[in-house]
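Colleague: Please take me slowly through one part of this model and what surrounds it, and explain each term when you use it, as I am new to reading structures.

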Amino acid sequence: MPADDPDLRINPSILAADFVNMQAELARIASADFVHVDVMDNHFVPNLTFGPQMVERIQATSPVPLDVHLMITDPDRWAPAYAELGAASVTFHLEAATEPVALARRLRAVGSRAGVAVKPATPVDGLFDLLDDFDQILVMTVEPGFGGQSFMPETMPKLRRLADEARRRGSAVWLQVDGGIAPGTIEQAAEAGADTFVAGSAVFGAGDPDAAIAALRHAAAAHRH
């Protein structure tokens with residue numbers, strides 16, 4: 001597949017960006033498909049990042065659409081507000097939601113893509129019958145809560161089962177991975193069926209983020225089936 005495969009997305013995570021110079025950092029990733037925004041509440045995960053006000057400012061200044069990842073308790077209550085801010089995609093955790101399908105429908109009704117995320121230890125089999133209810137499924141390849149962790153290859157069989165099932169059912173759901181994604185590990189994830197890749201330090205830690213995005217895109221495209 002060509003490196004500009006429209007079915008492949010690179011979403012840099014601003015968790016690895018310089019928060020003090022956020023507007024300049026966002027300008028550095030104009031060639032990305034989305035900017036990945038990690039919202040943490042210091043409850044569902046042991047870290048605290050952004051809230052709605054910061055996300056609204058990022059939305060106003062970002063050259064690319066927002067891919068918001070909510071690592072928060074009670075997303076049934078809070079997630080729709082992020083869609084209302086204009087985020088192109090809002091992903092909540094299956095482990096935290098009370099009524100995930102109903103929540104996905106609410107997000108879609110506002111105009112956002114609806115995503116659901118699963119931690120490394122959470123099985124995906126229960127999502128097989130719900131593929132049409134979500135636009136994106138995020139398979140965490142690290143434990144959520146902190147950036148800079150090492151990729152967990154043991155999550156790949158789960159991703160592969162999900163990709164095989166989506167293919168079998170003719171689903172258009174996007175399969176995203178987040179955690180430790182770099183030129184070497186993106187190849188494993190692409191081979192296992194991922195098409196949407198969150199990368200933090202591999203992009204923002206590079207001297208030339210555009211070149212880093214292009215390299216990741218090329219590596220993923222070369223290993224997709």
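Modeller: I will begin with one helix and the turns on either side of it, and then follow the salt bridges.

This is a predicted model, in which local features need pLDDT of at least 70 and side-chain atom pairs count only at pLDDT 80 or more, while totals for chains, interfaces and linings use all residues. Residues are numbered from 1 along each chain as its sequence is written, and side-chain values use heavy atoms, with hydrogens and water left out.

The part to look at is helix α3, residues 75-84, where helices (H or I, at least four residues) and strands (E, at least two) are DSSP runs numbered from the N terminus. The buried residues of α3 are Pro75, Asp76, Ala79, Pro80, Tyr82 and Ala83; buried means under 20% relative accessible area, exposed over 50%, and partly exposed in between, with a 1.4 Å probe and protein chains only. These buried residues cover an arc of only 155° around the axis, which puts them on the same side of α3, the arc being that of the directions from the helix axis to the C-beta atoms. In general, an α-helix has 3.6 residues a turn, so residues three or four places apart point the same way. On the face of α3 turned away from its buried side you will find the exposed residues Arg77 and Glu84. The buried residues of α3 pack against β2 (35-40), α2 (52-61), β3 (66-71), β4 (89-93) and α4 (100-110), where contact means heavy atoms within 4.5 Å.

The backbone on either side of α3 also deserves attention. Asp74, in the loop between β3 and α3, has a positive phi of about 60° although it is not a glycine, and at 31% relative accessibility Asp74 counts as partly exposed. Just after α3, Gly86 takes a positive phi of about 110°. For background, most residues other than glycine have a negative phi. Asn42, which lies in the loop between β2 and α2, is another residue that is not a glycine and has a positive phi of about 60°.

Turning to charged side chains, a search of the whole structure finds ten salt bridges, each being a side-chain nitrogen of Lys or Arg within 4 Å of a carboxyl oxygen of Asp or Glu. One of them involves α4, a packing partner of α3: the side chains of Arg108 and Asp135 meet with 3.1 Å from N to O. This pair links distant parts of the chain, since Arg108 is in helix α4 and Asp135 in the loop between β5 (113-118) and β6 (136-140), 27 residues apart. Asp135 is buried, with a relative accessible area of 16%, whereas Arg108, at 33% relative accessibility, counts as partly exposed.

Another salt bridge joins Asp33 and Arg217, whose closest N and O atoms are 2.8 Å apart. Asp33 lies in the loop between α1 (22-27) and β2 and Arg217 in helix α8, so the pair ties together parts that are 184 residues apart in sequence. Here Asp33 is partly exposed, with a relative accessible area of 24%, and Arg217 counts as buried at 14% relative accessibility.
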